[in-house]
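Morning, everyone. I have one model to walk through today. Please bring up the sequence and the structure.

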Amino acid sequence: MPALASSPRMVGRQPELDALVDAFVEGDAGTPRTAIVRGEAGIGKTRLIREFLAEATRRSSGLPLVTAVGQCVDLGPIGAPFGPIRRVLRDVHAAVGVDALRDAAASPAMIAALAAFVPGLDDESSASVADTGLEFAEVVEAVLENLSVRFHLVIVVEDLQWADAATLALLKTLATTLRGRHLTIVATYRSDDIDRFHPLRPVLAELERTRAIVRVEVRPLTADEVVEQVSLLPHSDLGDDGIRALVDRSGGIPFLVEELVDLGDAQLPDTLRDLVLARYERLGDGARGIMRTMAAGGVHVDHDLFAAVAGAPEHDLDLLLRESIEAKVIFADGAGYTFRHALTQEAVEGEMLPSEQVRVHRRYAEVLGELHPDSPDAISAAAEHWLAAHELSRAFDTTVRALEESRSTFAPAASVKLLERLAELWSHVPDAAERSGTTLADLHLQASIAWQDLGDPERSLRAANEGLGAPIDDPVLRAALLRQRYVGEFNTRRDPDPATLDDILNLLEGIDSDAAKILRSRILTNIALDHRPKDARADLQRAVQLAEQAGSNQALAIALTNEAWRLSEQDDDEVAALIPLERALALQLNPSARAYVGAAYTDMLNRLGRYDDAAHVGERHLDEALDAGLDRGLGGDIALSTAQALFSAGRPELGVAVAHRARRLLDRASRIHVIRLLTTHYVWNDEPEAREALLAMERATVDDARRQRPTRSEWWVPASVDAVVAAAAGIPGPPDNAWAERLDSVAGVLQRADSSPQSRRYAAVAGALMVRAIAVSRAPVDAADVDRMRASIAGGMRAWPDRGTARTLRRYIEAVLADADGASATGRSATWRGLVDDLADGSMPARHRDLASLSLASALLAAGDRESAARTLSTLADTASTHGVSRIGYWATRLAVSAGIAADGDNAPSPAMESLTARERQVLALVAEGLTNAQIGARLFISPKTASVHVSAILSKIGAGNRAEAAALFAAANGGSPP
């Protein structure tokens, strides 16, 4: 059944693709290789082969490449001999032509033998293979061997599990006997179809004893890879719950992922259901009955539990389980058994009769109570089984017990399900309040808090509203629900009325319980930052006192964290903001409160320019949050701050990995910050394709952000980086006609009252860099726009203290503006040298440290200190790409070449450069201009795919690691002149 929607690119599989490409490279060099690719049905073997063939086409640089694909077809136990080989030969014939194939056959008898399988090869002969006296396998072997002298043959045979015996014998011969030829063979098979009696099994065993065989195992996608695949599919906005369910149901099988996305909320269609149940249907009656019993227990069932529920004699049960394992319905997993896919378990459970369901689920509940009476997981599972057995009172009572156990540890994901289950059963169970010892409204309050901890504000708000709709006698409970509703509305950007918080405080007037004190503390922290910022200091001091009086570490930590935010928003003493955070982290906290404080502490260290510390702290708190199940929300916030620290510290590879983790953890509204972080990195590091792919993947996120905040555009960086960096080198950058718009955008950040001090500071840096770029490039920009930017920068800096990161930023901005004003070379070199020395402590992001070094080199050249400039540029050219700023490395090399201070031999013509074709030289010139593949294609009237092929070939030929290095080599080969 074909999927209705397919991912536009392959997700994951890079190690598998690399293994195939390595085999191809060896074949290209004259060492034949055979790769055997195994994986279950739907795992993505065909997609991997398609990507491999495309990569082989891009990498082919020697002999002409010929690719031929043969597909095995299920024709029963015997099948037509050489079925897939016939298809291979026809592809070869189409690629090399009649004359080349005849030459390879080398004799009339061999030509006649081939003609029976390749129509048109020998129209004059009617001889059959039998007439020639030749073995067809020998003919094919000889022809392929001869052709592989003049061509690089890549032969793919798919679905070997259906191959006929003759094909298997020929494949074994080709894989083990050919030497010194340009031949790459790739064969695939379904691993789940190969039992111990399958005819392919001995062939595989023999092949795998050969060292020349490359073995590639295609495994299910990880949870993160499933999320990435879903993001590439249409109609894929499933929400967090939908994604998690999809990961479980698909088992990481790409085919099933695509099918389930297409299905949406619909039931499995019969065709897909039949596919999922195919192996189950091949079982005997006894094994099918056992599988239905197992399916009622879930995707995985421990052996002891299953054996007690099944009630079959031990020997009989072992036989039935072995039958099911050999049929690949289940597999042994630790101390139990697991269905191959969650969809299989789901479909098999659907085969149960209603009476069978009630009987089996009741038995599971009873056995769980007997075997594990005190296990929280077992109690929770028993509650589900009682519910499935339609015994609602027993399900309610067991769920209450499970909730008590869950509350003894911090487990919001487990607790919230139990809370909602109790709320669902409430009206169906007599005396529910007495049985549970609580109220319906309080259940909804606890669910709201749990959803907030789990980073799902929509569900948190919904639970708070449900609670307010239930009967409430306790004013503290009502006040707590009202506050949860306020927080939920705030977090879902519904703009709640701030006066609501004062109304809630009035409800608590005169109540002196600890619960009321904790609630007043929490409300005052909300008021301090969201409602009465002028009174924030007094409100937060009172919040701290109330939390201390109530003895609540969690409330105290939150109040202290908000006090830290208040201090950070002021420009008096930044370091003071760390003190309340460090006090909060010293408290005994639950994981949610600790993650909240940890996110703030990581961000605060970033603000102070302590990037290595921030990265270390962030990584630790991120691990803790993920271990506690706080993936969404707080986990994403910590990951974002950690990624920022890693990029700023000059550790881009890890920064990219953590940023993508943050992108997968955060909701769409928050993901925009990650996208901006990643796209900025990709531009500075000369990775336009990665940037384009990310923006294409997150187009909906970007569009939403621009609609919601049309005046808050911070997207100036990608289009202006080259001009900004070129200006630091004292070289006019590429033309740019959008300076006025970007100046206005950055000035808006400086002037808006809701911009944080941190945002305003880095907007001032951005504005200064733009002013210098405009001055150096003499861009036709209205002087009034530049003057307004200067005035905005000066106005902002007047409020900055003369200490810490603020002082460093001020000096950096003043140096940049002095360059724009044409300050003396001697003064500029002294200023930049002092800054570069000061920045060696890592107190500014890596890109600004390297940009300062480039500015220093330019000033040193202008001052006549060529030796110092040469040292600075040489170091910068080597380290910039390591720091994730390859564009700066490119401009450093270009400046050295244009100034004539490159190392000896750097200006010599490059043999590799001379090996480029005329078209490749055209493409390289456009790469040096900074154009993307799409822009190169438009300029040269070729497709972006063709442009990509040219760029890959160029990088390979000239030995460049990336586009920036290729551009620098181009500049060196052309005497530093602009492309």
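First, a term: a residue is buried when its relative accessible area is under 20%. With that cut-off, Arg772 is buried, and Asp819 is buried too. Keep that pair in mind; we will come back to it.

A caution before going on. This is a predicted model. Read everything I say in that light.

Now the overview. The protein chain has 50 helices and eight strands. There are 979 residues, and 53% of them are buried. Take the contacts in the chain with a separation of 6 or more: 69% of them are between residues 24 or more positions apart. The exposed surface is about 42,800 Å², and carbon and sulfur atoms supply 50% of that.

On to the cores. The largest nonpolar core has 91 residues. Which of them touch the most other members? They are Tyr812, Ile813, Trp832, Leu851, Leu854, Ile888 and Ile936. Helix 39, residues 757-777, gives the most to this core: 11 residues. A separate core lies apart from it, with 78 residues, including Leu445, Leu524, Leu589 and Ala628.

Zoom in on Leu851. Leaving out residues up to four places away in sequence, Leu851 touches Trp684, Val724, Val725, Ala728, Leu769, Arg772, Tyr812 and Ile888. Note Arg772 in that list.

Leu851 brings us to helix 43, which covers residues 846-862. Is this helix enclosed or open? Of its 17 residues, 15 are buried, so helix 43 is largely enclosed by the rest of the structure. The length checks out as well. At 1.5 Å a residue, the helix should span 24 Å, and its end C-alpha atoms are 25 Å apart, which agrees. After helix 43 comes Gly864, with a positive phi near 90°.

Next, charges. Side chains of opposite charge can pair when their charged atoms come close. The count here is 31 salt bridges. I will show three of them.

Start with Arg663 and Glu698. Their closest N and O atoms are 2.9 Å apart. This salt bridge links distant parts of the chain, 35 residues apart. Arg663 sits in helix 33, residues 652-665. Glu698 sits in the loop between helix 35 and helix 36. Both Arg663 and Glu698 are buried.

Now back to Arg772 and Asp819. They form a salt bridge, with the closest N and O atoms 2.8 Å apart. Arg772 is in helix 39 and Asp819 in helix 41, residues 804-820, so the pair ties together parts that are 47 residues apart in sequence. And, as I said, Arg772 and Asp819 are buried.

The last of my three is local. Arg788 and Asp785 meet in a salt bridge at 2.2 Å, N to O. How far apart are they in helix 40? Three residues, so about one helical turn separates Arg788 from Asp785. Asp785 counts as buried because its relative accessibility is 17%. There is also a network: Arg362, Glu391 and Arg394 are joined by salt bridges that share partners.

Strands now. Look at strand 8, residues 336-339. Gly336 and Thr338 point one way, Tyr337 and Phe339 the other way, and all are buried. Strand 8 has two partners to look at. Strand 6, residues 300-302, runs antiparallel to strand 8, with three bridges. Strand 7, residues 330-333, also runs antiparallel to strand 8, with four bridges. Tyr337 is a good landmark. Val301 stands opposite Tyr337, and Ala332 stands opposite Tyr337 as well. Strands 7 and 8 form a hairpin with two residues between them. In that turn, Gly334 has a positive phi of about 65°.

Finally, backbone angles. Most residues other than glycine have a negative phi. Two exceptions to inspect. Asp159 is not a glycine, yet its phi is positive, about 60°. Asp159 is in the loop between strand 3 and helix 7. At 12% relative accessibility, Asp159 counts as buried. Then Arg778, where phi is positive again, near 55°. Arg778 is in the loop between helix 39 and helix 40. Buried or exposed? Arg778 is exposed, with a relative accessible area of 70%.

That is my tour. Over to you for questions.

Terms used
Residues are numbered from 1 along each chain as its sequence is written. This is a predicted model: local features need pLDDT of at least 70, side-chain atom pairs count only at pLDDT 80 or more; totals for chains, interfaces and linings use all residues. Side-chain values use heavy atoms; hydrogens and water are left out. Buried means under 20% relative accessible area, exposed over 50%, partly exposed in between (1.4 Å probe, protein chains only). Contact means heavy atoms within 4.5 Å. Accessible areas come from the Shrake-Rupley method with a 1.4 Å probe; for residues, only the protein chains shown count as cover. A nonpolar core is a set of buried Ala, Val, Leu, Ile, Met, Phe, Trp, Tyr and Cys residues joined through side-chain atoms within 4.5 Å. The expected span of a helix is 1.5 Å times one less than its number of residues. A salt bridge is a side-chain nitrogen of Lys or Arg within 4 Å of a carboxyl oxygen of Asp or Glu. Two strands pair if DSSP finds at least two bridges between them.
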